[in-house]
Each structure stands twice: as C-alpha cells, then as structure tokens.
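Biologist: Can you walk me through this one? I would like the fold, then the interface, then one residue.

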Protein chains: 2
Amino acid sequence: MSETADPANDPDQNPLSDSQRRAAVIDLLGVLAYGELIAFERMASDASMAPGIAEEAALGHMAVAEFGHFVALRDHLTSLGADPAEAMSPFIEPLDAFHDSTTPADWLEGLVKAYVGDGFAADFYREVAEFIDDESTRKLILAALADTGHAQFVVEQVRAAVAADASVAGRLALWARRLVGEALVQAQRVAVDRDALAALIVGSGDLVKVGELLARLTQRHTERMESLGLRA
Amino acid sequence: MSETADPANDPDQNPLSDSQRRAAVIDLLGVLAYGELIAFERMASDASMAPGIAEEAALGHMAVAEFGHFVALRDHLTSLGADPAEAMSPFIEPLDAFHDSTTPADWLEGLVKAYVGDGFAADFYREVAEFIDDESTRKLILAALADTGHAQFVVEQVRAAVAADASVAGRLALWARRLVGEALVQAQRVAVDRDALAALIVGSGDLVKVGELLARLTQRHTERMESLGLRA
C-alpha cells in the first residue's frame with residue numbers, strides 16, 4: 001500500500017480515485033453549464049411578463065449574464081478535453097423537470113424564482129466548488145456564480161409589491177417554498193444517478209460537515225427571503 | 001414663403017417638418033428597440049426546442065446578440081433626450097401580436113422565423129434608415145441590423161432537414177409565407193397609427209420609389225428562401 005504515502009490517495013482523507021474525481025468535476029461543470037443555459041432561456045422568456053420596459057430589460061440583463069456563464073463553463077469543459085454536450089446530457093431531464101414544474105404564473109413569481117432559486121443553486125454549487133482541487137476550475141465556477149449585480153432590482157420590486165398588497169407576501173412565500181422543494185426532488189434524483197458527483201460532496205464520510213453545509217444553505221436562503229420581506 | 005429657400009423645408013423635397021422628422025426617428029428607434037427586445041425573449045425561449053446542446057447554444061447566441069442591439073438602441077433614444085419606454089410603448093401591442101400569432105411549433109419553424117422573419121424586418125428597417133438625416137442614428141441602426149454571424153448555422157440546419165425529409169420543404173415554405181403575411185398585417189396597423197413614421201417612408205410622394213422598395217424587399221426575401229432550399 002505504498003500509495004497511501006500520498007495523502008491524496010489516502011482513502012480516509014480522499015475517498016475518490018483520480019478518475020472518479022475527474023468524473024465528478026466534469027459532472028459538476030456539466031450540471032452548472034446546462035443550468036445556466038436553461039436559466040437563460042426561462043428568464044428571457046419570463047421577462048415578457050414584466051410590467052414595463054425597464055423591468056423587462058433588467059430581467060433580460062440577468063438572463064444574458066447567465067448565458068455568458070454558460071459559454072465560460074462550456075468552453076472550460078472543452079479545455080479539459082470533455083465533450084460539453086455529453087457532460088450536460090445527464091442533467092437535461094432533471095433540470096427541465098424542475099423548470100417545467102416551476103413555471104412562474106406572473107412577473108413576481110418570475111422574480112422570486114430568479115432571485116431565490118438561483119441564489120439557492122449558487123450557494124450549493126459554491127459549496128461544492130470548495131471540494132475541487134483544480135484552481136482554474138474552482139475560480140471559473142465561483143466567477144460563474146458571482147452575483148450579476150441585478151439582485152437589488154429584484155429586492156426592490158418584490159418589497160414594493162408586498163408593501164402595496166400584503167396578501168402578496170403569503171403567496172410568494174409559498175411559491176418560494178415550492179421552488180426549494182422541487183429543487184431538492186431533482187437534486188436527490190441527480191445524487192442517485194451520479195455516483196462520483198455525490199461522492200465528491202458526501203464522500204468525506206463526515207456527516208457532521210454535510211449537516212453544517214445544509215445548515216449554511218438553509219441560513220442563506222432564510223436571509224434571502226428576509227431581504228425580500230418574505231417568511232422562509 | 002421664405003422657408004422654401006432651404007431645400008430641407010421645401011415641401012416637395014421634404015414634406016416633414018423638423019418636429020415631425022424627430023418624431024419619426026424616435027418612432028423608428030422605438031419600434032426597432034422593442035423588436036429586438038421581444039425577438040431576444042422569443043428566440044431564447046425557442047432555443048429550448050433545439051435537438052441538441054450545440055444547436056441550443058447557437059440560437060442562444062443569436063438571442064444574446066439581439067439583446068445587445070436592444071441596449072444600444074435604448075441608450076441612443078436616451079441620448080436623443082427621448083424616454084425609451086415611451087418611445088417603445090406604441091409598438092408593444094403590434095409586435096406582441098405578431099409573435100403571438102407566429103409561435104413556432106417546433107425547432108425548424110423557430111429557425112425559419114429567426115432567419116426569414118428577422119431578415120425581412122432587417123431589410124425593411126435598413127431601407128427606412130436611409131431616410132434618416134442624422135448620421136449617428138443611421139449608423140447605429142445599420143449596426144443593430146448587421147448579421148449576427150449565425151445565419152449560416154440556420155441555413156445548414158434547414159437544408160439538412162429538407163434533404164432528410166422532402167415533405168419538410170412544403171411545410172416550412174407555408175410557414176414562411178404566414179410569417180410574412182402576419183408581419184404585413186402588423187406593419188399596416190403601425191403605419192395607420194404612426195403618421196410621422198409612415199410619412200418618413202412614403203412621404204416623398206414618389207410611389208415609383210415605394211414600389212421599388214417593395215420590389216427589393218420581395219427580391220431579398222426570395223433569395224433568403226432559396227438559400228434555405230425553400231420556395232418563396
């Protein structure tokens with residue numbers, strides 16, 4: 001067992017082999033890339049529900065930023081020698097299913113989805129990125145997840161709507177809960193199908209750490225809801 | 001009638017007053033800007049019908065280019081001292097009506113719409129831009145109408161589909177005819193509502209020239225259809 005001399009190959013420290021680790025990174029880039037592409041399409045489409053041109057343009061800007069992230073992630077997959085379409089293909093069905101089950105009924109639901117849904121996904125991916133050894137990949141993922149600078153716009157719109165009609169708050173709080181619920185259903189599905197990716201996240205075997213990760217995600221989600229003036 | 005000394009104020013040469021001319025330019029920028037914004041939204045949404053990730057990304061790129069044109073046109077309206085939302089508002093209803101009546105049923109219809117529809121609109125706006133005195137506005141419009149470099153992608157996709165199944169050609173030719181028909185219905189509606197814009201185009205009173213313009217538009221449309229392997 002001379003291999004255990006290298007900590008990276010110590011099964012206690014790092015239970016993934018190099019090829020498993022590579023598969024997990026390709027998976028992560030693939031799910032992120034397709035996630036950005038479909039978010040771009042849905043967000044651009046949701047922009048048509050805007051109450052005015054300025055709001056329509058603001059959501060359009062957010063959508064275009066997502067497309068830019070998609071391009072960067074796709075090109076990074078290529079630079080790693082992976083086929084981008086192949087890397088994304090396992091995630092088309094679950095991500096499409098998520099979006100099909102969470103089509104916003106109106107402008108405010110679209111905004112909450114853009115803010116809460118993308119925020120939750122970004123937090124999750126950001127946590128996972130920490131498990132990645134390759135620095136250029138980690139940096140690219142963190143850049144793709146950077147706030148597109150339009151979050152403040154969403155916060156203002158939703159708070160104004162809630163101020164104008166208090167009943168809106170309850171409806172949007174329920175909607176946000178549904179978004180998170182549907183996301184978790186699909187995430188579980190992905191975890192079952194993609195061994196390497198799941199192993200990258202929970203493979204440390206340290207359930208306390210996984211618990212802490214979930215606690216952080218929940219905490220940040222609650223903060224986002226509070227910034228919108230909604231109950232988590 | 002001392003004003004007729006200036007050819008710009010000679011009613012035979014230039015039937016529009018300065019304020020009418022400005023109104024027409026604002027109208028033109030407004031209809032173009034909203035046209036780009038809605039084309040961005042519809043095209044991004046149509047991308048979800050793509051047969052694969054590469055095709056999906058290609059239509060996404062076309063959509064993002066339209067959004068860039070929208071931003072340039074909107075900012076130019078602001079620089080002219082106009083309110084962009086106000087300038088676009090008269091054209092929301094007719095342009096939305098056009099898109100609602102021409103929602104593509106599948107990927108190929110979406111491609112033909114992106115290529116034939118946008119091509120026809122671009123030719124028309126390009127002709128109208130020639131009537132504009134202000135060079136910076138004229139240049140901006142021509143830049144916004146520049147081919148986004150993805151037309152070749154559409155041509156290849158449609159020709160391959162027609163080669164694989166000859167019956168596709170008839171269906172898509174009919175579809176293209178419907179696109180042009182619906183566009184003309186809405187264009188007529190705009191012409192009736194927007195005096196200054198209509199006057200800018202046909203105000204020369206020279207019906208021969210208007211006839212020539214229509215002949216050029218028809219000719220270019222026929223060429224586009226031929227490049228797709230379809231009958232106009």
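Modeller: What follows goes from chain A to the contact between chains and then to a single side chain. This is a predicted model, in which local features need pLDDT of at least 70, side-chain atom pairs count only at pLDDT 80 or more, and totals for chains, interfaces and linings use all residues. Residues are numbered from 1 along each chain as written, chains are lettered from A and ligands numbered from 1 in the order written, and side-chain values use heavy atoms, without hydrogens and water.

Biologist: How many helices and strands in chain A?

Modeller: Chain A has 10 helices and 0 strands. Both are DSSP runs numbered from the N terminus: helices are H or I with at least four residues, strands E with at least two.

Biologist: What radius of gyration does chain A have?

Modeller: It is 19 Å for chain A, which agrees with the value near 17 Å for a compact globule of 232 residues. The radius is taken over C-alpha atoms, and the globule rule is 2.2 Å times the number of residues to the power 0.38. Along the principal axes, the C-alpha atoms of chain A fill a box of roughly 70 × 35 × 25 Å.

Biologist: How much of chain A is buried?

Modeller: Buried residues are 48% of the 232 in chain A. Buried is under 20% relative accessible area, exposed over 50%, partly exposed in between (1.4 Å probe, protein chains only).

Biologist: Now the interface. How many residues does each chain put in?

Modeller: Chain A and chain B bring 22 residues each to the contact, where contact means heavy atoms within 4.5 Å.

Biologist: And what area do they bury?

Modeller: About 1,700 Å² between chain B and chain A, with 75% of that on carbon and sulfur atoms. Buried area is the accessible area (1.4 Å probe) that two parts lose on being put together, summed over both. On the chain B side, B:E41, B:I53 and B:F67 supply 32% of the area buried against chain A, more than any other three residues.

Biologist: Switching to B:L37. Where does B:L37 lie?

Modeller: In helix α1 of chain B.

Biologist: Is B:L37 buried or exposed?

Modeller: B:L37 is buried, with a relative accessible area of 0%.

Biologist: What does B:L37 touch?

Modeller: Leaving out residues up to four places away in sequence, B:L37 touches A:I53 and A:E56 in chain A, plus B:F67 and B:F70 in chain B. Its C-alpha atom is separated by 8.4 Å from that of B:H69, 32 residues apart along the chain.
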